[in-house]
Amino acid sequence: MYGTRLYAIVVASAIFIIAANAMAQTKDEQDLPRDPPPPLPAATLKDSKVIALGETLWQEQCTHCHGAKAYPGKAPKLQPRQYKPEFVWDRTHNGFRQMPSWRDVYKPNEIIALVAYVMSDDFFP
Ligand code: HEC
């Protein structure tokens, strides 16, 4: 009797330790160092060529989730008036929860172009 109970406790503890480890690992992945934003000068963000590049990239990749025609609830509707450019850069470059990171997809100037477009008056999801 006592032996079975002890066995159960040992097994339960082992499962707990394995599960805790697995959780710690996923947490570590999320806590990967986030790159800090580069300087985002107004002159670049207001440049119509930069904004136009950002718009093209937005149409290619971002509308699937953030576009007006995307499946409702897939991603939040962006609220650029409430954002600082650095925030948009951070989420786009580093990702956040269900928002994929684009750092390995786009070149640094392309991520800045996306920020310029999202922050611009032309922005239309
Ligand atoms: C696979 C779907 C998906 C794609 C593609 C995607 N996003 Fe997102 N995005 C999300 C989700 C989901 C969130 C919300 C993350 C959270 O806060 O939990 C988000 C959040 C954001 C935010 C922060 C919004 C806020 O108010 O917190 C920005 C900015 C953003 N995305 C920009 C972009 C840009 C730019 C692209 C294209 C390069 C893009 N996203 C592509 C799913 C996506």
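Two residues are in contact when their C-beta atoms, placed from the backbone, lie within 7 Å. With that in mind, welcome to this predicted model. Among contacts in the protein chain between residues at least 6 apart in sequence, 72% link residues at least 24 apart. The protein chain has 5 helices and 0 strands, and a ligand is surrounded by 20 residues.

**The chain as a whole**

- Reading from the N terminus, you will meet the elements in the order α-α-α-α-α.
- The protein chain has 125 residues, and 14% of them count as buried.

**Helix 5, a good place to start**

- Helix 5 is mostly covered, with 9 of its 12 residues buried.
- The buried residues here are Ile111, Ile112, Ala113, Leu114, Val115, Ala116, Tyr117, Val118 and Met119.
- Helix 2 (42-45), helix 3 and helix 4 are among the elements that cover these buried residues of helix 5.
- The length of helix 5 fits expectation: at 1.5 Å a residue its 12 residues should span 16 Å, and its end C-alpha atoms are 17 Å apart, which agrees.

**Two residues of helix 5 up close**

- Ala116 is found in helix 5, and it counts as buried because it has 27 C-beta neighbours inside 10 Å, where 20 or more are needed.
- Leaving out residues up to four places away in sequence, Ala116 touches Thr44, Leu45, Asp47, Val50, Ile51 and Gly54.
- Ala116 and Leu53 are 63 residues apart along the chain, yet their C-alpha atoms are separated by 9.2 Å.
- Val118, leaving aside its neighbours within four places in sequence, is in contact with Leu78, Pro80, Val88 and Phe123.

**The nonpolar core**

- The largest nonpolar core is made of 15 residues, and those with the most contacts inside it are Ile112, Ala113, Leu114, Val115, Ala116, Tyr117 and Val118.
- At least two residues of this core come from each of helix 3, helix 4 and helix 5.
- Helix 5 gives the largest share of this core, 9 residues.

**Helix 4 and the loop after it**

- Which residues of helix 4 are buried? They are Val88, Trp89, Thr92 and His93.
- Seen down the axis of helix 4, these buried residues fall within an arc of 115°, so they line one face of the helix.
- As general background, an α-helix has 3.6 residues a turn, so residues three or four places apart point the same way.
- Helix 5 is part of what covers the buried residues of helix 4.
- Just after helix 4 comes Gly95, whose phi is positive, near 75°.
- Arg97 sits in the loop between helix 4 and helix 5, and its phi is near 45°, a positive value in a residue other than glycine.
- Is Arg97 buried or exposed? Arg97 counts as exposed because it has 7 C-beta neighbours inside 10 Å, and the limit for an exposed residue is 12 or fewer.

**Around the ligand**

- Of the 20 residues around the ligand, Cys62, Cys65, Ala75, Gln98 and Met99 come nearest.
- Helix 3 (48-66), helix 4 (85-94) and helix 5 (108-119) are the elements that give two or more residues to this shell.
- Helix 3 provides the largest share of the shell around the ligand, 5 residues.
- By type, the residues of the shell divide into 12 nonpolar, 6 polar and 2 charged.

Terms used:
Residues numbered from 1 in each chain as written. Predicted model: local features only at pLDDT ≥ 70, side-chain atom pairs only at ≥ 80, totals over all residues. Near = placed C-beta within 6 Å. Helix = DSSP H or I, 4+ residues; strand = E, 2+ residues; numbered from the N terminus. Nonpolar A, V, L, I, M, F, W, Y, C, P; charged D, E, K, R; others polar. Core = buried A, V, L, I, M, F, W, Y, C linked by C-beta atoms within 7 Å. Arc of directions from axis to C-beta. Expected span 1.5 Å × (residues − 1).
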